Amino acid sequence: MTVQNKVALVTGAGQGIGRGIALRLAQDGFDVAIADLDFQKDKADSVVAEIEAIGRKAIFVAADVSQRKDIVAAVDTAAKELGGFDVIVNNAGIAQVKPILDITEDDLNSIFRINVHSVVWGIQAAAAKFEELGHGGKIISAASIAAIQGFPILGAYSASKFAVRGITQAAAQELAPKGITVNAYAPGIVGTGMWELIDAELSKINGKPLGQNLKENVEGIALGRIETPDDVARVVSFFAGHDSDYVTGQVLLVDGGMLYN
């Protein structure tokens, strides 16, 4: 898939899945705004350099996605500096590994601000910018296999991703008359720092050696290997391009065969 004169913003793009998505969109022809926390600037600047080496324009925008004003400002900056705005990828998120009985009010507030509130703010900011520019656009958000099935010890995380799924379906219906599609991608076990954290926390809870929980989960994947950021980025590429123009309100599993929806 190739595009011309299109601009995308990807949150949490300084590393991991976000980096993979940003690079793939650049390969597809997008100019890309890399939004991440200010302390991630060095990593984000490296992604900017990688995109520029591909021959596309890229900028870093510092943003705390839990803050609505930061996302609005990031969208405004992307449009101004890159000359348009066509796609937002609400990718930033955190994991949280705790039994239900141990979840605190602060835990819930934290994960919902980052995983859920940010998606709402991203939808609002992108839709407003599309309307300002006089065209439709694409809104793409990070769900998870945990948006389809709740997982033990990941109760708050599962709840946050179920919320993303519901918001995606509702926003798709509300924004369709404006020519805006709203979809989400649902990864499984991706070989990034997030799963290293999950494995380490699970190890504390169940006493298995470091790496054992991850190994056992990967062994349950039908395609027989851990997922890569590129696997996720290919799905986002589809949602961002014209081939998905008649697709909206969907949460697409990209998990190698873990769940069947």
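## Close-up views of a predicted model

**View 1. Helix α6 in the predicted model.** Helix α6 runs over residues 193-206, and its 14 residues reach 20 Å from first to last C-alpha, close to the 20 Å expected at 1.5 Å a residue. Five of its residues, W195, I198, D199, L202 and S203, are buried. They lie on the same side of α6, because they cover an arc of only 140° around the axis. An α-helix has 3.6 residues a turn, so residues three or four places apart point the same way. On the other side of α6, E196 and K204 are exposed. The cover over the buried residues of α6 includes α7 (212-219). G207 follows α6 and has a positive phi, near 75°.

**View 2. Helix α1 and what covers its buried residues.** Helix α1 is made of residues 16-28. Its end C-alpha atoms are 19 Å apart, which agrees with the 18 Å that 13 residues should span at 1.5 Å a residue. The buried residues in α1 are I17, G18, G20, I21, A22, L23, L25, A26 and D28. Covering them are elements that include the strands β1, β2, β4 (87-90) and β6, together with the helices α2 (41-54) and α8 (229-240). Just after α1 comes G29, which takes a positive phi of about 115°.

**View 3. The largest nonpolar core, with I139.** This core has 39 residues, of which L9, F85, I139 and L175 touch the most other members. At least two core residues come from each of the strands β1 (6-11), β2 (30-36), β3 (58-62), β6 (180-187) and β7 (251-254), and from each of the helices α3 (68-82), α4 (105-133) and α5 (155-175). A second, separate core holds 32 residues, among them L25, V32, A142 and F239. What does I139 touch, not counting residues up to four places away in sequence? Its contacts are I88, N90, I123, A126, A127, F130, L175, I180, T181, V182 and N183.

**View 4. Y157 and S160 in helix α5.** The UniProt record, an unreviewed entry, places the feature "active site" at Y157. Y157 sits in helix α5. Is Y157 buried or exposed? With a relative accessible area of 10%, Y157 falls under the 20% limit and therefore counts as buried. Residues up to four places away in sequence aside, Y157 touches I94, A95, Q96, I111, N115, S144, A146 and M194. S160 is also in helix α5. The relative accessible area of S160 is 0%, so S160 is buried as well. Beyond its neighbours within four places in sequence, S160 is in contact with I111, F112, N115 and V116. I111 and N115 thus appear in the contact lists of Y157 and of S160.

**View 5. Two residues with positive phi that are not glycine.** N5 has a phi near 55°, a positive value in a residue other than glycine. N5 belongs to the segment before β1. The relative accessible area of N5 is 72%, which is over the 50% limit, so N5 is exposed. I153 is not a glycine either, yet its phi is positive, at about 70°. I153 is found in the loop between β5 (137-142) and α5. At 24% relative accessibility, I153 lies between the limits of 20% and 50% and therefore counts as partly exposed.

**View 6. The two domains and the loop residue L223.** Domain 1 takes in residues 6-188 and 228-254, and domain 2 takes in residues 189-226. The centres of domain 1 and domain 2, taken over C-alpha atoms, are separated by 24 Å. In the contact, 15 residues come from domain 1 and 12 residues from domain 2. L223 is in the loop between α7 and α8. Its relative accessibility is 66%, so L223 counts as exposed. From L223 to I198 there are 25 residues in sequence and 21 Å in space, C-alpha to C-alpha. I198 is one of the buried residues in α6.

How values were computed:
Residues numbered from 1 in each chain as written. Predicted model: local features only at pLDDT ≥ 70, side-chain atom pairs only at ≥ 80, totals over all residues. Heavy atoms only, no water. Core = buried A, V, L, I, M, F, W, Y, C linked by side-chain atoms within 4.5 Å. Buried < 20%, exposed > 50% of the residue type's maximum accessible area, 1.4 Å probe, protein only. Helix = DSSP H or I, 4+ residues; strand = E, 2+ residues; numbered from the N terminus. Contact = heavy atoms within 4.5 Å. UniProt positions renumbered as here; feature names shortened; annotations may be inferred. Expected span 1.5 Å × (residues − 1). Arc of directions from axis to C-beta. Domains from an automatic or database assignment.
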